[in-house]
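Subject: Structure for your review

Dear colleague,

Please find the structure below, together with its sequence. A summary of what was found in it follows.

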Amino acid sequence: MNKQRLFLLTLSICLISMLVSCGVLNSHVIDLDRLKVAYVINKGCLEDKGLNQLGLEGINKSIIEDSIKLTIIEIDRDDEDSFQKQFIKAVKSNDLIIVVGEEFKNVVNEAATNYRNKRFIVTTNKIRESNVQNVDFKYEEGGFLVGAIAGKRSSNKDVGYIAIKDNEPNKLLLSGYMAGIKVTNPKALSKLLSEENVKYVEDCANVDLAYEQAIELYDKGCEVILTAAGRASEGVFKAAKEKGKYVINSGMNAQEVYSDYKDNVLASLVIRFDDILYKSISEANDGMFKSGEINKINEGLKENTIEIIMNESILDKETINLVNNYKSEVIKEKIEIPKIKEEVLEFRVQ
């Protein structure tokens, strides 16, 4: 009996070896070894020319170089039951779940607790579980530099701000923006502080509303608008071109993704979420995933995670040099930028 079992085992091994060498089982074996990644975002916000799309570019780079398997899940927050089911399904069938948006905090926290063998990357959620990598950005630093640009360009005229919603990242961005305005065009500050020139579209795809809000701000006397409205930002660019005004984009490089409006683009504030995700996925693929409180990420100008791309065909050398000098001062920690608007009034640059 022992000899028969040994013969059958040897025969099985030989057959498997032959199948693999012939390519019959090859794809299946490789698929088992591939890191399975789920990218979870709000419905309609994938190609937003902003953070979501930048994140996808980083993931796509990992697909090419690390052969990961990607599932994109766009969740409709208006359908709570479906939302919960979709998310748990994504967690069960993937190794690494990447979640963009603070509205997912509760469900991510619960899933990270219940599925300890899964790994999560989240933005702006501050989840303390050991299998979660928290990613934040120093939006106020980028906001300060583009605020200085907007203030210089607008001179004594007003400036505006349009974002998706009044969440933590946009509060940081707005505070930094107001600080930059204060040092280059203090007369424009009051209508930002009072939020008379601050608008929210509430939906990353609401191009028409963003257009209407931008027209209103330009007609009220705004020379420049900073937009952080995802896909809806296209409406701001359209309004700027019609009115002969200017836009600063928080998202991807507007001179590339909004090339039809490049003469209206002063600058772009780019968050290199693509680089963050590419690095983190590579580490997860190599079994070196970094998570928990000790490994949380909060990066800005110093780490080149926040990048300001200026339109040098429009901006004068004085403005470009001023922004570069301020950038250097922020990196050296000689300028502390306010994180809430209540601190802006006390803000000073030596």
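Are C45 and C204 buried or exposed? Both of these residues are buried. Please note that this is a predicted model.

The disulfide. The structure holds 1 disulfide, which joins C45 to C204 with an S to S distance of 1.7 Å. The link of C45 and C204 is left-handed, with -95° about the S-S bond. C45 belongs to the loop between β1 (36-42) and α3 (51-66), while C204 belongs to the loop between β7 (198-200) and α9 (207-219), so the disulfide ties together parts that are 159 residues apart in sequence. Another cysteine, C222, counts as buried because its relative accessibility is 1%, and buried means under 20%.

The nonpolar cores. In soluble globular proteins, nonpolar side chains tend to be buried together. Here the largest nonpolar core has 67 residues. Y39, Y161 and Y177 are those with the most contacts inside that core. Leaving aside neighbours within four places in sequence, Y177 is in contact with residues including F144, V146, Y161, L192 and I225. Apart from the largest core lies another, of 20 residues, among them I225, F237, V247 and V265.

The cavity. There is 1 cavity of 30 Å³ or more, and about 30 Å³ of space lies in the largest cavity. Its lining consists of T124, D136, F137, Y139, E168, P169 and L172. Two elements, β5 (132-137) and α7 (168-184), give two or more residues to this lining; α7 gives the most, with 3 residues. By type, the lining residues divide into 4 nonpolar, 1 polar and 2 charged.

Yours sincerely,
A colleague

Technical notes: Residues numbered from 1 in each chain as written. Predicted model: local features only at pLDDT ≥ 70, side-chain atom pairs only at ≥ 80, totals over all residues. Heavy atoms only, no water. Core = buried A, V, L, I, M, F, W, Y, C linked by side-chain atoms within 4.5 Å. Buried < 20%, exposed > 50% of the residue type's maximum accessible area, 1.4 Å probe, protein only. Contact = heavy atoms within 4.5 Å. Disulfide = S-S within 2.5 Å. Helix = DSSP H or I, 4+ residues; strand = E, 2+ residues; numbered from the N terminus. 1 Å grid on protein atoms, 1.4 Å probe; cavity = no way out; pocket = protein on both sides within 12 Å on 5 of 7 lines; lining within 4 Å. Points joined across faces, edges and corners; volume = space filled by probe spheres on them. Nonpolar A, V, L, I, M, F, W, Y, C, P; charged D, E, K, R; others polar.
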